[in-house]
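Good morning, and thank you for attending. I should like to present one structure, beginning with a sheet and closing with a contact between chains.

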Amino acid sequence: MSSIAQKKGFGATLWDYITTVDHKKIAILYLITGGLFFIVGGIEAMLIRIQLAQPDNDFLSAGLYNEIITMHGTTMIFLAAMPLLFAYMNAVVPLQIGARDVAFPFLNSLGFWMFFFGGIFLNLSWFLGGAPDAGWTSYASLAISSPGHGVDFYALGLQISGGGTLIAGINFLVTIINMRAPGMTYMRMPLFTWSTFVASALILFAFPPLTVGLFLMIFDRMFGANFFDHTMGGNTIIWEHLFWIFGHPEVYILILPAFGIFSEIFSTFSRKRLFGYSAMVFATVLIGFLGFMVWAHHMFTTGMGPTANAIFAVATMAIAVPTGVKIFNWLLTMWGGSIKFTTPMLYAVGFIPSFVAGGVTGVMQASAPLDYQLHDSYFIVAHFHYVIVGGTVLALLAGLHFYWPLMFNTMLNETWGKITFWLFFTGFHLTFFIQHFLGLMGMPRRVFTYGADQGWDLFNLISSLGAIFMALGVIFLLANIIITIVKDKKVGRDPWEDGRTLEWAIPQPVPFYNFKQTPLVRGLDTYWIEKQEGNKEGMIYAEPIGDIHMPNNSVIPFVMSFGLFVGAFGALYNGEQPWAIPVLGLGLLITFLSMGARSLKDDLGYHVHKEDLLDEKEGGKH
Amino acid sequence: MMKGLKKWRLFSMLTALMVFLAGCGEEHLSTLTPAGQVGRDQYNLMLLSTGIMVLVIVVVLVVYVLAIIKFRRSKVGENTIPKQVEGNHTLEIIWTVVPIILLLILAVPTVTATYNLADVRGMDVKDEDGQATAVTVNVKANLYWWEFEYPNLGIVTSQELVVPTGEKVYFNLKAADVKHSFWIPAAGGKLDTNVDGINTFYLDFDEPSESLEDGVFYGKCAELCGPSHALMDFKVKTLDREDFDAWVLSVKESAEETTPATDVAQQGQELFQQSCIACHAVSGEGTTGGIGPNLATFGDRNRVAGFLEHDKENIKNWISNPEKYKPGNLMPQPEDLPKRNGKEFSNQELDALAEYLMGLSVED
């Protein structure tokens, strides 16, 4: 079907993508949308660094600066990093476990479109009276008193896209539990599948508190409630707890899949089985578990008292142990291996010192009395960029190069990739390392400017120069992508030659039904085992060729999400415009009608017949 | 080979940089030059944790550099298939247990310090006359200024905190509008001023601030509170106990009605009483509750509006257009004041106000 799609016109292709329920196409949708939001967030970052390049700068006004930092954080976390991770999860996990698709293809599409419309809604704030300006944490007292509609866009936009994330998380949980090929036991699952599994469990438990918090915020700001108004018996600290009960696991939602990607890369390009596989799995699960026990370390200065602070301090330190286990296992995976420095491997190798640096400053901040100094200073800005950029973003870039051949059957240029790496990596350390010291020297975060007499001028300038390198890196990457797409040179199966897991065993381009016959998994690193035994097919099969049941495409997820998008405008202008409530009703009506249509109309899908599969086998190629 | 060596060089360079930077930063602003016991405790925790962490980094880097030097494909041969090692239980136990020990070494002083720094019992200790022995300051954070009330001394100031040296000074923190955070980096860590309730902690200062570059420590708002969050600075003046007591007395005296020395200043006073007095008190005696900052000690201050150079020109600029200098602040533009009827201050009126305000002083 994918080869047929290429012959279609633009409109037909667009329609195909809007209605698709194929995990491979949804992966591409996530990649494009997440990539665009990554660019938007990156431009916002550049504006921030231009403003702070020199003291007393007036490049940006005070209010606009706050909007930009808020949108930079929110965009990067919710609209860039997570969707890009979902892109790889969608592209890789079903193939990695030998499944024909995710468990709920329809929900997969719904999750994407909710994220899409939520993200668009949030960014429309720029054109409709101003973006949110209370920080990505949107602490209640400031958020409630923020004038205009900025924070309303934040609450509604995140609510919609958060719903999409929750759906996607549940979908991956069910997929990984139920859809594994015969022989793919839990302890044979590749680490990327494992980390997707744990991250999805974190999503399942972490997003509901955010949903609750956002609803309270929506009710307070748009419908006259007083959950966060202390003069009416509300409490602002509740928001901080709700936000961080979500927010801390969110950090692990971002980093665990990154760990997964790097685990795959380390073992692939060291030509070696992942060292201490079971310890790695255990560490992943343990990090996920402990991730829920430590949220209040974001609130050491809120005034919770010494007992709470001490407990959360020690609990936080505990997370360093499983994280350290992972670092050493990666090192020992390389040890004794045969390391090939491809672009993905360069990112992985660059990741280790970067993430260790970010991790140890995390332990420093776990020490509560020390955190009284570090909290809300530039030290913490440095810290979380070290873990998020040095961990997650490096993983996203590594994953882009690594999985590009799997997704598009072409290969990004290696030389350009390495240039991108060195520019980005140098720029990253140049930008953020020095910010640790700015924080120690008394510079608070989220300041739109700073006075010239405080000894921060030079370091801020250096930091801004570093940002230019990062931007150049991204420009090289974009050029690389465009050139690769234009050249369109097909590379076929296992282009890295050292692929170990099932996704590399599948013929390229990947058929829309994935596996003609469900494979039989005989151990960890299935494809490696088959290759070592000289199996040219790359896999052995658990079933004879038979009819394959496939789901039909559907436009309903798109319409359902669009209804929420429309309804959100009604909620936003409630009490201000006469049409607000009717529009809210209309939006919800669209959503509920499409839900009704989905429930009442039986859609049984279709079958790819055995005869067609056999035909294809004769004419097809590996 | 070369790449690995370069990383090593980079690392040792960074270590050297760190040592160099420990002496870096402005003395009145940097957490690296602690000005009292609280700051020192936290600084020592930083040194301890940094030490442990550098140890970890060194171990990781040694293994890391050796691995990427020794096991490059160009070295081990293109067609080598490495041994597929499953793992090693002894190693797993080592790198689980050793970090736990390292973390315990950090956890014990952390927990101790957490409790010590939260101990504010000294606040309620009274002498025979029933007077509190320690100085307590009620800090109220406003958009974008700070009020400092001394409940046991019966005085109130704003923007410039004055505290005695050589003893614990206790703080009750609260926000008037949105959440802020009270931070004097050189003296010690921050604590949030919430809208919901009062947070309490203490700080202490070794030396009078006289010897510092500006004669004051810098204080910051550390929690995003709106457009002018970056400008919500305050200053801290530390005096030895004797000077502090004298200062308290002279603030109390500011309650007495005085006539400014010059004609211009008198004119300014009249204008002030028509236009500004509704929000700004000029007597330091009293309690919290001013709509705008108390100006009793204005002439002694280090900054106008918390961040502008302390001169008449800036006073005039500030009064004539507060919104321009601190976006989102609550001080009305002059033309919006009730008795101005839409009229801005003339240059001459601004001169008079500036002259008068500069004369509001309790110090010599």
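**The sheet in chain B**

In chain B, five strands make up an open sheet of mixed pairing, ordered β4-β10-β9-β6-β7. Strands here are DSSP runs of E with at least two residues, helices are runs of H or I with at least four residues, and both are numbered from the N terminus. Two strands count as paired if DSSP finds at least two bridges between them.

This is a predicted model, in which local features need pLDDT of at least 70, side-chain atom pairs count only at pLDDT 80 or more, and totals for chains, interfaces and linings use all residues. Residues are numbered from 1 along each chain as its sequence is written, while chains are lettered from A and ligands numbered from 1 in the order in which they are written.

Why do β4 (160–164) and β7 (188–193) of chain B each have one side without a neighbour in the sheet? Both stand at the edges with a single partner strand, so one side of each is left free of a neighbour in the sheet. Between neighbouring strands the average turn is 25°, direction ignored; axes are lines fitted to C-alpha atoms, for helices over the stretch in contact, and angles run from 0 to 180 degrees between N-to-C directions.

Strands β9 (217–221) and β10 (234–239) of chain B run antiparallel and are joined by three bridges. In β10(B), B:K235 is the residue opposite B:Y218.

**The contact between chains**

Chain A contributes 74 residues to the contact and chain B 79 residues, two residues being in contact if their C-beta atoms, placed from the backbone, lie within 7 Å. On the side of chain A that touches chain B, α11(A) gives the largest share, 15 residues.
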